[in-house]
Amino acid sequence: MVHQTMNTSNTSAPSASSNNKVMDLSEKSPRQGTGRWLCGLGLGALIVGSLVSCAVDTTPYPQPTPAPVPGVVAQPPDDSVLPPPIQRARSRWTPVRWSELPGWGQDSLYEVWNAWVRGCERPAPGQAGLCSEVRQLSIATGQEQQAWVMRRFLPYRVTEPDGAAPQGLLTGYYEPIMNASRVPTEQHRTPLYGPPPGLRPDQPWFSRQDIDTHPAAQAALRGRAIAWLADPIDALILQIQGSGRLNLVEADGRLRQVRVAFAAHNGHPYQSVGRWLLDQRAIREASWDAIKAWAAQNPRRLNEMLWSNPRTVFFREEALSDFDARFGPRGAQGVPLTPGRSIAVDPQSIPYGTPVWLATQGATLNQQRLVMAQDTGGAIVGAVRADLFTGWGSWSDEAYTVAAALKQPLQMWALLPRELAR
């Protein structure tokens, strides 16, 4: 999922932040091997997982009946000699003791195991050999899972490249569910397009304003509409989140739900419409409710606001089976996201597929838990920067409200297999 985030307050926010007021809905950059965006940028960018506050299906991902894993309950001593730090492009990893991880041992690890098993479809470098054990441990006890993690992995505190303690930031993103029509109607007039012919990832195409007004752009997109929405701001939200589910009325009147996933964008930089309105002092806080209220009061300036963000995202339609509906869209790692257990990260700080211990305290969440780095976003940049996938839903659902409100301090520890910790 490729997402972007909107700032949620008058104060300047980090470039990748999603705001619980402004919702820095972030458009994620195209995921390799996937075609979606959803973290989002971040909701304050958009999310998948079983958050404590989100109601989600926790049915385990089905696996073959595993053979028992012997000798995993005994935990290794936490007193071995630690290896040297690891320098990455945008972070430094410093090894620590398990006892230094706040809340370690109190998380329900079985909740992250589904995300870990899905991540093994495209494992992180050097971790493929552990995936058979990950699958076997799907039916293990929490004590067995914890002992295995401590036996096989070493925790590293993630800091700035120079070793300085970072001002980490956690935001959230989600997969919106919206009503749509297969054909334009008097009510549904805003199209969601598939990629036009000749679009090149390294070259800017027509801007958002050009797409609405330029004859050549309109000719290139003729016949490329996947679906039509009633509200252009809803279309913008989908583009910022990078993916979504559509309750779609087909031409013959049948109703079904499909997923639209990130396919490409037009090569222009993302600009937050919330930030644009704040700069003009048109609104006091950049929440979607405030943005929609302003648009309803200023219909003649709606296009001016929308065109302030020149980036447009193009989608592809994906069938949504009953099984697929239990998971989120595919992230940049190429695997489906899990609510509350998948995060978007800066891959130059943390590689996709890395298990990450996350600690955050704030008005929205107070959690220490194991998550998987499985996505990225255009606004997710920096050593300790993460966007938590909260799930899917409509405006009134917790997946949206948590994602929109989430903007708080963050600490992260990356878990590295011991055989790679040299």
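Student: At what angle do helix 6 and helix 8 pack, and how far apart are their axes?

Tutor: In this predicted model, helix 6 and helix 8 (residues 288–297) pack at an angle of about 150°, and their axes are 11 Å apart.

Student: Why is a particular orientation word given to an angle of about 150°?

Tutor: Angles over 145 degrees count as roughly antiparallel. The angle of helix 6 and helix 8 is about 150°, so this pair is called roughly antiparallel. The crossing of the two helices is right-handed.

Student: What makes the packing of helix 6 and helix 8 a contact, and which residues meet?

Tutor: Contact requires heavy atoms within 4.5 Å. In helix 6, Ile233, Asp234, Leu236, Ile237 and Ile240 take part, and they meet Trp288, Ile291, Lys292 and Ala295 of helix 8. By class, this contact has seven nonpolar residues, two charged and no polar. Asp and Lys count as charged, so Asp234 and Lys292 are the charged residues here.

Student: How do you know which orientation word describes helix 1 and helix 3?

Tutor: The axes of helix 1 (residues 110–119) and helix 3 (residues 142–152) come within 10 Å and cross at roughly 55°. Roughly parallel needs an angle under 35 degrees, and roughly perpendicular runs from 65 to 115. An angle of roughly 55° fits neither range, and helix 1 and helix 3 are therefore oblique to each other. Helix 1 passes helix 3 in a left-handed crossing.

Student: Which residues of helix 1 and helix 3 meet, and how do they divide by class?

Tutor: From helix 1 come Tyr110, Trp113 and Trp116, and they meet Gln145, Trp148 and Val149 in helix 3. The contact has five nonpolar residues, one polar and no charged. Gln is outside the nonpolar and charged lists, so Gln145 is the polar residue.

Student: What makes one space a cavity and another a pocket?

Tutor: In a cavity a 1.4 Å probe fits but cannot get out, whereas a pocket is an open set. The search of the whole structure finds one cavity of 30 Å³ or more. The largest cavity has a volume of about 70 Å³, and 13 residues line it, among them Trp116, Cys120 and Gly353. Helix 1 and helix 2 (131–136) each give two or more residues to this lining.

Student: How do the linings of the largest cavity and the largest pocket divide by class?

Tutor: The cavity lining has nine nonpolar, four polar and no charged residues. The largest pocket, of about 370 Å³, has ten nonpolar, four polar and three charged residues in its lining. Arg208 and Asp212 lie among those nearest the pocket centre, and Arg and Asp count as charged, so both belong to the charged class.

Note on methods
Residues are numbered from 1 along each chain as its sequence is written. This is a predicted model: local features need pLDDT of at least 70, side-chain atom pairs count only at pLDDT 80 or more; totals for chains, interfaces and linings use all residues. Side-chain values use heavy atoms; hydrogens and water are left out. On a 1 Å grid over the protein atoms alone, a cavity is a set of points where a 1.4 Å probe fits but cannot get out, and a pocket is an open set with protein on both sides within 12 Å along at least five of seven lines; lining residues have an atom within 4 Å of a point. Grid points are joined across faces, edges and corners, and a volume is the space filled by probe spheres set on the points. Axes are lines fitted to C-alpha atoms, for helices over the stretch in contact, and angles run from 0 to 180 degrees between N-to-C directions. Helices (H or I, at least four residues) and strands (E, at least two) are DSSP runs, numbered from the N terminus. A crossing is left-handed if the near helix is turned anticlockwise from the far one by less than a right angle, and right-handed if clockwise.
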